[in-house]
Amino acid sequence: ERGMSRTQAYRWLAKKMHLPERKAHIGGFEMHQCQRLIDLCRGNNETKEDVMGDIICCLDESSSTEGEAAAWGKAVAMTLLIAAESHRSFALIHFAGSSSCQVDIFRPGEYTLEDKLSAAETFLGGGTNFERPIQEAIRLMESEGFEKADVVFITDGECALSDGCQQELQASQAAHHFTVTGILPGEGQVDMDFSLKLFCQK
């Protein structure tokens, strides 16, 4: 049977290693990545981690979350990072208003305790805009190797997505086969779940 072309091999490697294609080069791998590649080539490529996919967490850091809600949301985000850290990439999208967004990417073996603390201490403040984090999540899937990622959207506030953004999200979901799980911080925000039902499947 004919083997893969060089381009196909890089694409396969990027997908299996949860990396963007530009970083899927063996010469730049750390030891743990080399061992992971050896395991893949030996046929051990149907691991639980492969099936589960990466994690993208969109975290509302608007001014209305300041205090207990922000602390609760950050705790959930850090718990997801711990769950992902062995074999999956994790992205934390801090968001508030349309111009306030920060993306922290954590790839297995490529970040430090200081990186985690910096993410945990970040708080943007300001208004709330759902479209910016959705667009950033799509960008991560299309250009940063976050294929078939689990997307978690944590917010306390009401906000609307434009028809254009909803269509863009639906098209990306069809292409990358992911769902969005919405989480409201605390029991006091249950009446705000309608703001998530428009684009969250869970």
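This section describes the fold, the central strand pairing, the nonpolar cores and the salt bridges of a predicted model.

The chain contains 8 helices and 5 strands, and these elements follow one another along the sequence in the pattern α-α-α-β-α-β-β-α-α-β-α-β-α. Of its 202 residues, 44% count as buried, and the accessible surface of the chain comes to about 10,800 Å², of which carbon and sulfur atoms supply 50%. Among the contacts between residues at least 6 apart in sequence, 71% join residues that are at least 24 apart.

Strand β1 (residues 55-60) is paired on the basis of bridges with two other strands, β2 and β4. With strand β2 (residues 90-95), β1 is joined by 6 bridges, and the two strands run parallel; within this pairing, L59 of β1 has H94 of β2 as its bridge partner. The chain passes from β1 through α4 to β2, and the β-α-β crossover formed in this way is right-handed. With strand β4 (residues 150-154), β1 pairs over 5 bridges, again in the parallel sense, and here the bridge partner of C58 is F153 in β4. The burial of β1 is in keeping with these pairings: I55, C57 and L59 point one way from the strand, I56, C58 and D60 point the other way, and all of them are buried. Because 6 of the 6 residues of β1 are buried, the strand is largely enclosed by the rest of the structure.

In soluble globular proteins, nonpolar side chains tend to be buried together. In the present model, the largest nonpolar core holds 21 residues, among which I56, C58, I134, M141, F146, V151 and F153 touch the most other members. At least two residues of this core are supplied by each of β1, β2, α6, β4 and α7 (163-176), and the largest share, 5 residues, comes from α6. A second, separate core comprises 15 residues, including L59, A77, F106 and A119. Residues of β1 thus appear in both cores, with I56 and C58 in the largest one and L59 in the second; I56 and C58 point to one side of the strand, whereas L59 points to the other.

Side chains of opposite charge can pair when their charged atoms come close. In total, 6 salt bridges are counted in the model. One of them joins the side chains of K74 and E61, with an N to O distance of 3.4 Å. K74 lies in helix α4 (residues 68-84) and E61 in the loop between β1 and α4, so this pair ties together parts of the chain that are 13 residues apart in sequence. Both partners fall under the 20% cut-off for burial, K74 being buried at 10% relative accessibility and E61 at 1%.

Further salt bridges belong to a network that links R107, R132, E136, R139 and E144. Within this network, R132 forms a salt bridge with E136, the closest N and O atoms lying 3.7 Å apart, and E136 forms another with R139, for which the corresponding distance is 3.0 Å. R132 and E136 are 4 residues apart in helix α6 (residues 131-143), so they are separated by about one helical turn; E136 and R139, which both lie in α6, are 3 residues apart, again about one turn of the helix. E136 takes part in both of these salt bridges and counts as buried at 14% relative accessibility, whereas its two partners are partly exposed, R132 with a relative accessible area of 26% and R139 with one of 32%. Helix α6 therefore carries these charged residues as well as supplying the largest share of the largest nonpolar core.

The connection that leads from helix α4 into strand β2 contains S86. At 54% relative accessibility, S86 counts as exposed, in contrast to K74 of the preceding helix α4, which is buried. S86 and G109 are 23 residues apart in sequence, while the distance between their C-alpha atoms in space is 8.0 Å.

Notes:
Residues numbered from 1 in each chain as written. Predicted model: local features only at pLDDT ≥ 70, side-chain atom pairs only at ≥ 80, totals over all residues. Heavy atoms only, no water. Salt bridge = Lys/Arg side-chain N within 4 Å of Asp/Glu carboxyl O. Buried < 20%, exposed > 50% of the residue type's maximum accessible area, 1.4 Å probe, protein only. Pairing = 2+ DSSP bridges. Right-handed = clockwise from strand over helix to strand, strands pointing away. Contact = heavy atoms within 4.5 Å. Areas by Shrake-Rupley, 256 points an atom, 1.4 Å probe, with all protein chains shown as cover. Core = buried A, V, L, I, M, F, W, Y, C linked by side-chain atoms within 4.5 Å.
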